[in-house]
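I'm opening a fresh notebook page for this one. The plan is to start with the whole chain and then zoom in on a few spots.

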Amino acid sequence: MSQNTEQFDGFRVEIDPETQRGDIVLARAPFNTISMDQRDALRLAFERLDDDDRVRVIVIRADGEHFSSGGFIKGFMEASPEHVSHLAWNVAAPARAKKPVIAANRGYTFGVGFEISLACDFRIVSETCEYALPEQKLGQIPGSGGSARLQKIVGITRTKDIVMRSKRIKAQQAYDWGIATELVADTELEAATAALVKELVAFSPLAQRTAKKLLNDTEDASLSIAIELEGHCYSRLRSSEDFREGVEAFHAKRKPTFTGR
């Protein structure tokens with residue numbers, strides 16, 4: 001396996017062209033706290049991987065037993081209002097990425113660690129994972145889209161329960177409520193992540209980019225508008241080389257080879 005690794009403050013980026021996978025790995029032991037400056041660096045890392053032709057799927061994961069216990073608390077007081085105002089934009093980088101993004105969560109996944117995971121397309125959790133937005137304990141509220149994204153997934157009643165009580169949500173409950181995409185044994189988290197990467201890479205890059213953007217763009221749309229936009233996207237893909245390849249492969253009973261065109 002040929003892998004390229006770059007080190008940054010609090011995380012590293014690994015690219016494996018063979019599996020077409022790019023990983024952002026939180027690496028500030030033992031709890032992988034995320035500093036203010038790191039959030040901007042993470043945004044840039046997502047943008048670089050999104051533009052890298054060697055990468056089809058982006059994964060964010062962490063070293064050790066915990067994904068992230070959240071932000072570096074002292075940094076909240078040190079950051080300027082202008083800096084703080086960009087936090088939500090930086091943390092939303094996975095949602096803006098054209099490519100599929102997977103969060104692999106184990107152990108503490110709190111605060112900004114939870115918020116950046118919520119901005120991803122898929123959340124695979126190990127049985128040790130605990131989600132929380134604990135900002136109320138600091139006299140604050142989530143500031144990087146956590147409560148807003150969570151409300152879209154679980155509704156206002158459950159979001160109030162989590163946010164206003166700084167309540168921890170264990171892995172099984174997160175899966176039952178639709179926060180987590182998949183729940184696996186802790187020893188299986190890496191294998192499950194690799195399996196999802198392999199599955200996603202087999203699909204048409206063009207169709208995946210289109211599906212992600214369509215779903216993100218229509219999340220707040222009315223049903224009639226969402227159906228209309230879906231139809232436009234569908235008709236656009238009908239003229240793609242990938243769609244032609246998919247149809248021909250289906251009739252020939254062979255595996256398609258998609259090129260993203």
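**Entry 1: charges.** How many positive and how many negative side chains does the protein have, and how far apart do the centres of the two sets lie? I looked it up: there are 35 positive and 38 negative side chains. The centres of the two sets lie 3 Å apart. A reminder to myself before going on: this is a predicted model.

**Entry 2: overall build.** I went through the secondary structure next and found 13 helices and ten strands. For the dimensions, the C-alpha trace spans about 60 × 45 × 40 Å along its principal axes. Does that fit a compact globule or not? I checked the radius of gyration: a compact globule of 261 residues would come out near 18 Å, and the protein has 19 Å, so the two agree.

I also wanted to know how much is tucked away. Buried residues make up 45% of the 261 residues. On the outside, the protein exposes about 13,900 Å², and carbon and sulfur atoms supply 55% of that. Then I looked at contacts between residues at least 6 apart in sequence: 65% of these join residues at least 24 apart.

**Entry 3: the hairpin at the start.** Strands E1 (residues 4-8) and E2 (residues 11-16) caught my eye, and they pair in the antiparallel sense over five bridges. I noted one pair of residues here: Gln7 stands opposite Arg12 in E2. The hairpin has two residues between its strands, and Gly10 takes a positive phi near 90° there.

**Entry 4: an open sheet.** Which order do the strands of the three-stranded open sheet follow? I read it as E6-E8-E9, with mixed pairing. The edges are E6 (108-110) and E9 (169-170); each has a single partner strand, so one side of each is left without a neighbour in the sheet. A general note for the margin: strands of a sheet pair through backbone hydrogen bonds, either parallel or antiparallel.

I followed E6 to strand E8 (residues 130-132): they run parallel and are joined by three bridges. Phe110 stands opposite Ala132 in E8.

I stayed on E6 a little longer and picked Thr109, which sits in that strand. Is Thr109 buried or exposed? It is buried, with a relative accessible area of 0%. Leaving out residues up to four places away in sequence, I found that Thr109 touches Phe67, Ser68, Phe114, Ser117, Cys129, Glu130, Tyr131 and Ala132. I also took one distance: Thr109 and Val125 are 16 residues apart along the chain, and their C-alpha atoms are separated by 9.9 Å.

**Entry 5: strand E7.** Val125 led me to E7 (residues 122-126). Four of the five residues of this strand are buried, so E7 is largely enclosed by the rest of the structure. What does E7 pair with? I found strand E5 (residues 101-105), which pairs with E7 in the parallel sense over four bridges. In that pairing, Ala104 has Ile124 of E7 as its bridge partner. Strand E10 (residues 182-184) also runs parallel to E7, and three bridges join them. There the bridge partner of Val125 is Leu183 in E10.

**Entry 6: backbone oddities.** I went looking for unusual backbone angles. The peptide bond from Ala29 to Pro30 is cis, with omega near 0°. Pro30 lies in the loop between strand E3 (21-26) and helix H1 (36-51).

Asn32 is in the loop between E3 and H1 as well. I noted its positive phi of about 55°, although it is not a glycine. Asn32 is buried, at a relative accessible area of 2%.

Where is Lys253 found? It is in the segment after helix H13 (241-252). Lys253 also has a positive phi of about 55° without being a glycine. This residue is exposed, with a relative accessible area of 77%.

**Entry 7: one last distance.** I finished on Ser235, which has its place in helix H12 (residues 223-238). Its relative accessibility is 42%, so I wrote it down as partly exposed. How many residues lie between Ser235 and Glu14 in sequence, and how far apart are they in space? They are 221 residues apart in sequence, and 36 Å apart in space, C-alpha to C-alpha.

Methods:
Residues numbered from 1 in each chain as written. Predicted model: local features only at pLDDT ≥ 70, side-chain atom pairs only at ≥ 80, totals over all residues. Heavy atoms only, no water. Rg over C-alpha atoms; globule rule 2.2 N^0.38 Å. Buried < 20%, exposed > 50% of the residue type's maximum accessible area, 1.4 Å probe, protein only. Contact = heavy atoms within 4.5 Å. Areas by Shrake-Rupley, 256 points an atom, 1.4 Å probe, with all protein chains shown as cover. Lys, Arg positive; Asp, Glu negative; His and termini not counted. Charge placed at Lys NZ, Arg CZ, Asp CG, Glu CD. Pairing = 2+ DSSP bridges.
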